[in-house]
Each structure stands twice: as C-alpha cells, then as structure tokens.
Amino acid sequence: MGNERGNVAALLPIGVFLVIFLGSGIVTGDFYAMPAIVAFLIALLVACFQNRDLKFQDKIAIISQGVGNENIITMSLIFLSAGAFSGAVTAAGGVESTVNLGLSILPAKVAVVGLFIIGCFISVSMGTSMGTIAALAPIAVGISEKTGFALPICIGAVVCGAMFGDNLSMISDTTIAAVKTQGCEMKDKFKENFLIVLPAALVTIILFFFITRNGDFKLAEELNYNILRVVPYIIVLVGALIGINVFIVLVSGTVISLIVGVATGSLAVGEMFTAVGSGVTGMYDITVISIVVACIVSLVKEHGGIQFILHLIKRSIKGQKGGEIGIALLSFLVDMCTANNTVAIVMAGPIAKEISEEFEISPRRSASLLDIFTSVGQGLIPYGAQLLSAASLTGLTAFAIMPYLFYPILMAVSAILFIVFRKAK
C-alpha cells in the first residue's frame, strides 16, 4: 500500500455492496428486500479475490486482525448488552409506563409539541428510534382524531422525537458504533452532541407549537403507569452521563428491570431469561454486520482504498473545518446509500477516524458528526426504516410525512453552523 494516492480499485467491494443493495431496492421497490448481511458477504468475497500478490491465508490474517480490534470486540459486546437491557425493560413494562407517564402530564393545548418531547425522552431512554415510533404512532393517530390536526403533522412530531434520541442515547447502537470507531468516551460524545442538537430541538418545539397553537386535546381514557418501571431508564441514562462503565450501567439496568418486572407483576420469574434472550437476539444482525464490515474494511485498507479516499479528501478540503465537513458529507452519503445509520457509521467510521487524525479533529467531535449526519440522512430518506415504519403504522405514505420532519433538517443546519463558527477541538 505504498502508493500515496491509494488505489481506487480497492473500493470495488463497497461499490459491489451498493449496487447489489440499492439495485435490489430499486428493482423490487423494497429497500429491505435484500438483507444487508447477504450484500456485505458478497462484497467480502469480492475483496478476498482482489490483490493476487497476497495469498488467501495472508488475507485471512489481515481480516482476523481487523475483527480482533479492541473497538470491534467492545462494540459487539455493547450491542448485545444493550439488547439484553432493551428486552428486559420492555418485558417489565417500562416502555408502556414511560409513554403513559409522559402523556399523563401533557398539557392539553400542546399535544403535538408533547408528542415530540415525549418522543425525545423515550428515544433517549430506549436507544431506538424504531421502538419509539412503534410505541407512539398509535397515540399520534388518536391525537390526530381528537384534535383535528392532520395525521402527517402528528406522526412527523413522533419521527422527529425518535431521531432526537437515536443519536444521543447511551444505549443506541449508533452511539455505540460512533464512539467505538472514533475512540472516545460516551459521556464526552454526548456532551458534544447535545450542544449541537439542542438548538435544533428548541426550534422544532417552536415550529410545532406555532402550527398547532389553536388546537385542543384531552385524553378520555385512563393512562396507567407505574413509576417503578421508569426507574431502569433513569438509572441507565444517569449512570452513563456521570461516566460509569457502559457494561456496568447496562448490566445494572437489566438486573433492575427484571427485579422491577417481577416485583410489579408484569414479568413472571420464569420469563426473565426469555426476555433477556429475545433482546440479545434482536441485536444479532447488527453485531454480525459489524464484524463482516470490519473484515471488508480491513482488506479495503490493506489494498489502498482508504488511502485513496483520504487523498481525495485532502486534495479537496483544507484545515480542521474542511475535515469536519468531509466527515459530515461522508456520513450523510453513506447513510443515503445504505438506508441504515448504524451500518453507515460502521462503514464510514474507519475513514472518519483517519480524516480526524489527519486534520487533528477530536474523537468526540468526529463521533458526533458521524452520528448526527447519518441520523440526518436516516430521518429524511423515504426508503429508510423509520419513515417506512411510521407510514405503515398510520396508513400514510412516507412522502406525506416528510414536510413535517423539521428536526432532521434543523439538526443538519445546526451542525453545519457549529462547524463553521465554533472553534475546532
């Protein structure tokens, strides 16, 4: 890999993945018809056939070193731990209680604003935008029916709230991937990230309040919740923020969730391990994808592909701010191609790390930009899982919801302003 310009041909496996993954979506009209792992395995096969100067056994050794990287192993274990917590807290009734608690204290005249704020809290607590949308979409339908507000506005508020926590939550797979690929602490990335997205969230609240200011809403049905079932979320959030080791936080949250579930009668003793197991298995896909992507990136880097991208970026941009813009653009484009922000971070992460080191960008800044701009893409593309889920749960089309996705757009604007005007670290 001695060529300073790198080798564009080394990027062929990534091109193959994009052609197969996007091509199948375009042909079938379903961007999830082709399982991402299948497309990645084909791309890995292509990478293995490249560079005949290296023996196959040598390529296996390179792959093994890449997969054995401390960050990859740690990321995979955190994924599984986060899955265990998610499964336990959901089975214990934590999701339902948290949603109902939020709606119970919701002022009547700010129902849509409340949907956004509750979505923010739920997504930060749960670590999943998809779970947030699934929990709040039916409530958004009810609010639309009772207030007369257009359903796209209500579900748009839900999607915006879901995307808020998707890149802030300590147990979100995107946060885990961004932090581990860039080599920074979660609490540092959270602080950096929060300062950038807070203005976007505040302006989003103002916009939703303005367009729904004349509405009124009262809940007729009783919303039952148990404050104890909300406690595990609070413990995980606070523990992660004050810097306790993420494994300790997640394991503690899982154990407390199980105890609360049994104590409140929402979870039988015999169901505890099943609940944890179902949560863990739910993270298998992204864990395996992360491992296979690490294999591909190892070979792409060895063959000169990453060096080519770095040379291209260095030729096109200058200085720290230019490097940050490069990371932002790279993150956004990869997410547009993969329609999965976690996969996009895993793919773009090693390249972003090289860019950050080349332009002296702090790991927490590069991790924030990675997470923010993949979430921007994920929150806007009509073929992404979030919009497709919101549309299917409400009988709308993704395009009907898109005009009300204020937060992802404002998040991009806020991040760009931070790049331009804030001193780099």
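This report describes the largest pocket, one loop residue and the cysteines of a predicted model.

The largest pocket has a volume of about 890 Å³. It is lined by 40 residues, and the closest to its centre are Met-130, Asp-173, Gly-282, Ile-286 and Asn-340. By class, 21 of the lining residues are nonpolar, 16 are polar and three are charged. Several helices take part in this lining: H1 (12-28), H2 (36-49), H4 (70-91), H7 (129-147), H14 (284-302), H17 (341-358) and H19 (385-394) each supply at least two residues. The largest share comes from H14, with five residues.

Thr-397 is found in the loop between H19 and helix H20 (398-401). The relative accessibility of Thr-397 is 46%, so this residue counts as partly exposed. Along the sequence, Thr-397 and Pro-382 are 15 residues apart, while their C-alpha atoms are 8.7 Å apart in space.

How many disulfides does the structure hold? The number is zero. A disulfide needs two cysteine sulfur atoms within 2.5 Å. The table lists two cysteines with the distance from each sulfur to the closest cysteine sulfur.

| Cysteine | Closest cysteine sulfur | Sulfur distance |
|---|---|---|
| Cys-48 | Cys-295 | 8.1 Å |
| Cys-160 | Cys-120 | 8.5 Å |

Cys-48 forms no bond with Cys-295 because their sulfurs are too far apart. The sulfur of Cys-160 is likewise too far from that of Cys-120 for a bond. Cys-48 has a relative accessible area of 14% and is therefore buried, since buried means under 20%. Cys-160 is also buried, with a relative accessible area of 0%.

Technical notes: Residues numbered from 1 in each chain as written. Predicted model: local features only at pLDDT ≥ 70, side-chain atom pairs only at ≥ 80, totals over all residues. Heavy atoms only, no water. 1 Å grid on protein atoms, 1.4 Å probe; cavity = no way out; pocket = protein on both sides within 12 Å on 5 of 7 lines; lining within 4 Å. Points joined across faces, edges and corners; volume = space filled by probe spheres on them. Helix = DSSP H or I, 4+ residues; strand = E, 2+ residues; numbered from the N terminus. Nonpolar A, V, L, I, M, F, W, Y, C, P; charged D, E, K, R; others polar. Buried < 20%, exposed > 50% of the residue type's maximum accessible area, 1.4 Å probe, protein only.
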